[in-house]
Amino acid sequence: MIDATAGHDNSTGGWPTWGETVTVPATDSRLTTFSLLLAGDATVRGEVYAWDGTKATGPALYEGPLQSVTATPNGTEVVFDTGGLNLTPGGHYALFATTRNGGSGDPGFRFQGGDPYAGGYAVGTYGAASAEWTTQNWEFAGAYETALKATFVNPSPTDTPTGSGTPTGSGTPTGSGTPPATGTPTTPPAGGPTGAAADKIKPVLTSSLSSSVFQAAGAGPEFASKVGTNVYFTASEAGNVSFTVDRRTQGRKVGTKCTAKTKANAKNKRCTRWVKVKGSFTVPAKQGANKVKFRGRIGGKKLTPGRYRLYSQAIDSTGMKSKVSRKRFKIVR
Ligand SMILES: [Ca+2]
């Protein structure tokens with residue numbers, strides 16, 4: 001965590017674009033969020049660019065949604081969620097907010113004259129979005145510190161969520177049958193001057209089953225061999241797809257919720273309750289059409305006859321997740 005907020009005692013007036021440069025830590029080089037203290041009334045967008053010493057350079061590595069802030073004397077911490085942005089260890093970047101990119105108002109960025117953070121400094125410009133940010137030196141760079149916090153994590157694969165929780169999304173998968181083998185997987189864009197992955201797009205996943213009624217395998221892995229069903233899925237980009245399963249059970253209505261049957265609620269109205277089956281599994285996915293055999297096993301165990309839901313979710317190389325795709329199936333004897 002980079003924290004340059006100590007002693008912030010002043011606010012800018014009228015600056016549309018303002019932020020702080022940072023030096024990316026050697027190992028924790030994945031920027032997850034950053035925040036700025038804003039003391040004005042404004043609608044701003046968070047941005048991340050590589051910094052060449054006098055101006056932003058290269059393409060926008062992160063460009064967030066418009067966010068609103070209401071004036072407070074000492075500033076309100078406005079958090080910008082990059083969704084996970086892998087940056088070059090030791091590289092210099094500008095993390096800032098702006099009204100120039102569709103926003104409005106005067107953000108009143110908080111800053112101070114001290115130097116609580118050695119790895120960077122306050123930066124600001126009146127330049128127009130994108131075009132002038134990367135072609136003209138910024139009017140303000142140095143001597144001050146902007147009240148910025150930035151959270152970096154280790155980008156190692158072990159940090160990639162594996163989706164072991166129960167997905168609760170309600171996204172309805174579209175299409176059925178065998179997806180056509182579409183398109184050539186695209187080559188990732190060549191690294192810019194920063195070499196950073198500028199991934200701001202969530203993967204999109206659709207799925208379908210060749211058979212929604214099948215027998216579960218007595219042994220072996222979740223995917224392979226002869227029993228079970230084919231799971232077809234189409235991913236908009238390469239990455240991993242994680243799967244979890246819910247079993248349909250009968251519960252009892254308590255208020256608006258369907259809870260497990262107990263002595264106390266046994267006489268309540270019956271309802272359908274979906275309970276997560278222990279375990280999950282992840283398969284690598286290429287961009288486009290994919291197919292795997294699901295054998296009706298999860299967490300090392302055979303699913304008992306009953307009705308189930310199979311949830312799938314794509315996770316790309318930078319940890320961005322698709323909506324959850326849901327398919328019903330039935331295990332028979
Ligand atoms: Ca500094």
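**Close-up 1. Ser 207 and its bridge partner in β17.** In this predicted model, Ser 207 finds its bridge partner in β17, and that partner is Phe 233. Thr 206 does likewise with Thr 234, again in β17. These bridges fit the wider pattern: β15 and β17 (residues 229–235) run antiparallel to each other, with five bridges in the pairing.

**Close-up 2. The other side of the pairing: β17 with β22.** Here β17 and β22 are paired in the antiparallel sense, this time over seven bridges. One spot to look at is Val 231, whose bridge partner in β22 is Val 292. As for its surroundings, β17 has five buried residues out of seven, so the strand is largely enclosed by the rest of the structure.

**Close-up 3. The three-stranded sheet as a whole.** Put those strands together and you get an open sheet in the order β15-β17-β22, with antiparallel pairing. The edges belong to β15 (205–209) and β22 (288–294), each of which pairs on one side only. On average, neighbouring strands in this sheet are turned by 20 degrees against each other, ignoring direction. A general reminder for anyone tracing the ladder: strands of a sheet pair through backbone hydrogen bonds, in either a parallel or an antiparallel way.

**Close-up 4. A four-stranded open sheet.** This one reads β1-β14-β4-β7, and its pairing is antiparallel too. At the edges stand β1 (2–3) and β7 (76–86); each has a single partner strand, so one side of each is left without a neighbour in the sheet. Zoom in on β4 (residues 30–38) and β7 and you'll find an antiparallel pairing over eight bridges. Within it, Leu 31 has Leu 85 of β7 as its bridge partner.

**Close-up 5. The largest nonpolar core.** This core holds 43 residues, and the ones with the most contacts inside it are Val 48, Tyr 49, Tyr 93, Ala 94, Leu 95 and Ala 150. Plenty of strands chip in: β3 (17–23), β4, β5 (42–51), β6 (56–69), β7, β8 (92–98), β11 and β14 (148–153) each supply at least two of its residues. The largest share, six residues, comes from β5.

**Close-up 6. Around Tyr 93, plus a second core.** Leaving aside residues up to four places away in sequence, Tyr 93 touches Thr 21, Val 22, Val 24, Val 48, Tyr 49, Ala 50, Trp 51 and Leu 87. Apart from the core of Tyr 93 lies another one, made of 23 residues, including Val 245, Phe 281, Tyr 308 and Phe 329.

**Close-up 7. Ser 130, an unusual backbone angle.** Ser 130 is not a glycine, yet its phi is positive, at about 60 degrees. Look for Ser 130 in the loop that links β11 (122–125) and β12 (140–141). Ser 130 counts as partly exposed because it has 17 C-beta neighbours inside 10 Å, which falls between the 12 or fewer of an exposed residue and the 20 or more of a buried one.

**Close-up 8. Stepping back to the whole chain.** The secondary structure comes to 26 strands and zero helices. Of the protein's 333 residues, 40% count as buried. Among contacts between residues at least 6 apart in sequence, 80% join residues at least 24 apart.

Technical notes
Residues are numbered from 1 along each chain as its sequence is written. This is a predicted model: local features need pLDDT of at least 70, side-chain atom pairs count only at pLDDT 80 or more; totals for chains, interfaces and linings use all residues. Two strands pair if DSSP finds at least two bridges between them. Two residues are in contact if their C-beta atoms, placed from the backbone, lie within 7 Å. A nonpolar core is a set of buried Ala, Val, Leu, Ile, Met, Phe, Trp, Tyr and Cys residues joined through C-beta atoms within 7 Å. Axes are lines fitted to C-alpha atoms, for helices over the stretch in contact, and angles run from 0 to 180 degrees between N-to-C directions.
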